[in-house]
Amino acid sequence: TAEGIAVGFDSVKSTLGVTALAPQHRVRHPRAEYADGVLRSWQRESSEAQRALATAVRGSLAGGSNHASQVFTHKGYYARDKYIASLDVNAKTLLVVLTNERVVAFERKPTPDGDQYVALWHAGWDELAD
């Protein structure tokens with residue numbers, strides 16, 4: 001009966017620890033989406049860089065406090081960029097990411113919910129070509 005199925009389903013959920021009250025956390029972040037479109041096996045470095053691109057928040061250029069020194073981005077500004085490569089710098093506090101659109105430097109700030117990424121600077125390929 002439908003009641004028996006519902007009870008059985010609830011039993012499986014409680015056994016696995018999946019309840020409406022329990023927050024769900026990813027075991028790992030998804031694979032990076034590469035610029036060449038080739039699906040590659042999961043790698044921690046590229047996955048973290050992809051997460052930084054998708055979740056980065058606004059930062060300041062050269063520690064300035066006025067509005068002109070802001071990196072004019074919003075959360076997810078880099079999300080459409082396609083990952084090419086990344087490099088952890090300075091004991092994993094700085095992440096430099098190379099994409100099909102630009103080079104971006106992120107500051108990594110540890111939080112209880114996982115790392116937060118702040119965009120420090122970026123330079124588009126069109127800017128670098130001049």
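Here are some questions and answers about the sheet in this predicted model.

Reader: Happy to start with the overall layout. In what order do the strands of the open sheet lie?
Author: The open sheet has 4 strands, and their pairing is antiparallel. At its edges are β1 and β4 (116-124), each of which pairs on one side only. From one strand to the next, the twist averages 20°. Read across the sheet, the order is β1-β2-β3-β4.

Reader: Thanks! Which residue of β2 is the bridge partner of Val89?
Author: Let's look at strand β1 (residues 83-89), which pairs with β2 in the antiparallel sense over 6 bridges. The hairpin of these two strands has 4 residues between them, and Asn90 there takes a positive phi near 60°. Across the pair, the partner of Val89 is Leu94.

Reader: Which residues form the covered face of strand β2?
Author: Strand β2 spans residues 94-99 and has two faces. Leu94, Val96 and Leu98 make up the uncovered one. That leaves the covered face to Leu95, Val97 and Thr99.

Reader: And what is the bridge partner of Leu95 in β3?
Author: A hairpin joins β2 to β3 through 2 residues. β2 and strand β3 (residues 102-109) pair in the antiparallel sense over 5 bridges. In β3, Leu95 has as its bridge partner Phe106.

Reader: One more: what angle does the direction of helix α2 make with that of β2?
Author: On the way there, β3 and β4 run antiparallel, joined by 8 bridges. Helix α2 (residues 44-55) packs on the sheet and touches β1, β2, β3 and β4. Its direction and that of β2 make an angle of about 85°.

Terms used
Residues numbered from 1 in each chain as written. Predicted model: local features only at pLDDT ≥ 70, side-chain atom pairs only at ≥ 80, totals over all residues. Heavy atoms only, no water. Buried < 20%, exposed > 50% of the residue type's maximum accessible area, 1.4 Å probe, protein only. Pairing = 2+ DSSP bridges. Axes fitted to C-alpha atoms, helices over the stretch in contact; angles between N-to-C directions. Contact = heavy atoms within 4.5 Å.
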